[in-house]
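The following note sets out numbered points on the structure shown below. Each point takes up one region or one pair of elements.

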Amino acid sequence: LISSKGKPLKEAQGEILYSASFLEWFAEEARRVYGDVIPASAKDRAIITPWNFPSAMITRKVGAALAAGCTVVVKPAEDTPLSALALGELANQAGIPAGVYNVVPCSREQTPAVGEVLCTDPLVAKISFTGSTATGKILLKHAAGTVKRVSMELGGHAPFIVFNSANVDRAVAGALASKYRNSGQTCVCTNRFLVQKGIHDKFVEKFAEAIERELHVGSGFDAKTNQGPLINEKAVEKVERHINDAVSQGASIVTGGKRHSLGKNFFEPTLLSNVTTKMLCTQEETFGPLAPVIKFETEAEAIAIANAANVGLAGYFYSQDPAQIWRVAEQLEVGMVGVNEGIISSVESPFGGVKQSGLGREGSKYGIDEYLEIKYVCFGGL
């Protein structure tokens, strides 16, 4: 330090002691990295939300921001702006002062420009975005210019593993809920089913029966409907592309497989078997009602397939083996794990991912931290 940095002896000695103190501190803290058992049920900020949950994604972000004393600008998805505007009217009726909750809807063509302004304007102190990983990366680049705080809830590629020890009926019920919620259009929907060889055929058979028995495609105004249309033609085309690619490589359509007779944006809930990891549906997030099933033999093989993705938002697995449950829950490279459960979202749970699935957490007691700055004040001379 003296020869390379030019520090005087006492300052150099002080830095070495300071350096050692961090190693000692964190070595001791390593023994106190506790998890939480959660009981069951700043300045101006810009919030960019997706189309699939146009109300809940706003309230999850805005609720935390307002609680922390922040004003917000909401840029809703171009496909679904009405919920953001309705929330603005409700905010006005609730007495929230003008200028605290602001909505900036725009066309698809103007979205890139509006997003860039929100990310680069120095008056915006933080960006919170939910959407695709590709778009998230663009926003991160824009935000870097002013070193903004960011939280990103990006794309997923959720695995759903069913081990030989699983209760097959419960696994099928969980699979149905996890895959076909919102017609497969949520970021935590299962995208890849991995089923162990010993129960593979039984699972596929029961899953197909449940799809045909439980899922009803129709108008959202019909009480029995639980499968509505996809968001647009592009989404339908992606589902078709994934199915055609898989079938061309040897996959079998167990049920579904084509557009529904109700209209061009309706698609039949689909189940594929004989799927391999070389197929598009196991490499990309489909975001539609397509369930591809891969057969595996060993736990290590399943973990390797599940963790091969560069994203890690949610993951699910079914097992009745306690030791396996702990092993797999720790080894899955995702931010949220459902163990013998197909639905994991709740207001008290920290929502977010690892790898390229995002930064930060929403909901839970950690959600408000995304809108707070830590300030250290050292008082002396009192």
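1. Is Phe221 buried or exposed? The model is a predicted one, and in it Phe221 has a relative accessible area of 83%. Since exposed means over 50%, Phe221 is therefore classed as exposed. Phe221 is placed in the loop that runs between α8 and α9 (233-248). From the C-alpha atom of Phe221 to that of Gly380 the separation is 66 Å, and the two residues stand 159 residues apart along the chain.

2. The overall picture may be given next. The protein has 382 residues, of which 43% count as buried. Its secondary structure comes to 11 helices and 15 strands. The C-alpha trace spans about 75 × 50 × 40 Å along its principal axes.

3. Which residues have the most contacts inside the largest nonpolar core? They are Val162, Val188, Phe193, Phe203, Phe207 and Leu271, in a core of 32 residues. At least two residues of this core are supplied by each of two helices, α7 (168-180) and α8 (200-214), and likewise by each of the strands β6 (158-162), β7 (190-196), β10 (290-296) and β12 (314-318).

4. Leu271 deserves a separate entry. Leaving aside residues up to four places away in sequence, Leu271 touches Tyr180, and also Val204, Phe207, Ala208 and Ile211. Its other partners are Ser252, Ile253, Val254 and Thr255, together with Ala291 and Val293. Phe207 is thus a contact of Leu271, and both residues are listed among those with the most contacts inside the core.

5. The helices α7 and α8, which each supply residues to that core, also pack against each other. Their axes come within 9 Å and cross at roughly 50°. With an angle of this kind, α7 and α8 are therefore oblique to each other. The crossing is right-handed. On the α7 side the contact involves Val168, Asp169, Ala171, Val172, Ala175, Leu176 and Tyr180; on the α8 side it involves Lys202, Phe203, Lys206, Phe207, Ala210, Ile211 and Glu214. By class, these residues divide into 10 nonpolar and four charged, with no polar residue. Tyr180 and Phe207, which take part in this helix contact, are also touched by Leu271.

6. A second helix pair is formed by α5 (residues 111-120) and α6 (residues 133-144), whose axes come within 7 Å and cross at roughly 40°. These helices, too, are therefore oblique to each other. α5 passes α6 in a right-handed crossing. From α5, the contact draws on Gly115, Glu116, Cys119 and Thr120; from α6, it draws on Leu139, His142 and Ala143. The contact residues divide into three nonpolar, three polar and one charged.

7. Thr120 is worth following beyond that helix pair. Thr120 is located in helix α5 and is partly exposed, having a relative accessible area of 33%. When residues up to four places away in sequence are not counted, Thr120 touches His142, Thr146 and Lys148. Its C-alpha atom is separated from that of Lys148 by 8.6 Å, although their positions lie 28 residues apart along the chain as a sequence separation.

8. Which backbone feature should be checked at Asn182 and Asn274? Asn182 has a positive phi of about 55° although it is not a glycine, and for Asn274 the phi is likewise positive, at about 55°. Asn182 belongs to the loop between α7 and β7, whereas Asn274 belongs to the loop between β9 (270-273) and β10. Both are partly exposed: Asn182 has 33% relative accessibility, and Asn274 has a relative accessible area of 47%.

9. A final entry concerns Arg327, in helix α11 (residues 322-331). Arg327 is partly exposed, with a relative accessible area of 37%. Between Arg327 and Glu299 the C-alpha to C-alpha distance is 9.8 Å, and the two are 28 residues apart in sequence.

Note on methods: Residues numbered from 1 in each chain as written. Predicted model: local features only at pLDDT ≥ 70, side-chain atom pairs only at ≥ 80, totals over all residues. Heavy atoms only, no water. Core = buried A, V, L, I, M, F, W, Y, C linked by side-chain atoms within 4.5 Å. Buried < 20%, exposed > 50% of the residue type's maximum accessible area, 1.4 Å probe, protein only. Helix = DSSP H or I, 4+ residues; strand = E, 2+ residues; numbered from the N terminus. Contact = heavy atoms within 4.5 Å. Axes fitted to C-alpha atoms, helices over the stretch in contact; angles between N-to-C directions. Parallel < 35°, antiparallel > 145°, perpendicular 65-115°, else oblique. Left-handed = near helix turned anticlockwise from the far one by under 90°. Nonpolar A, V, L, I, M, F, W, Y, C, P; charged D, E, K, R; others polar.
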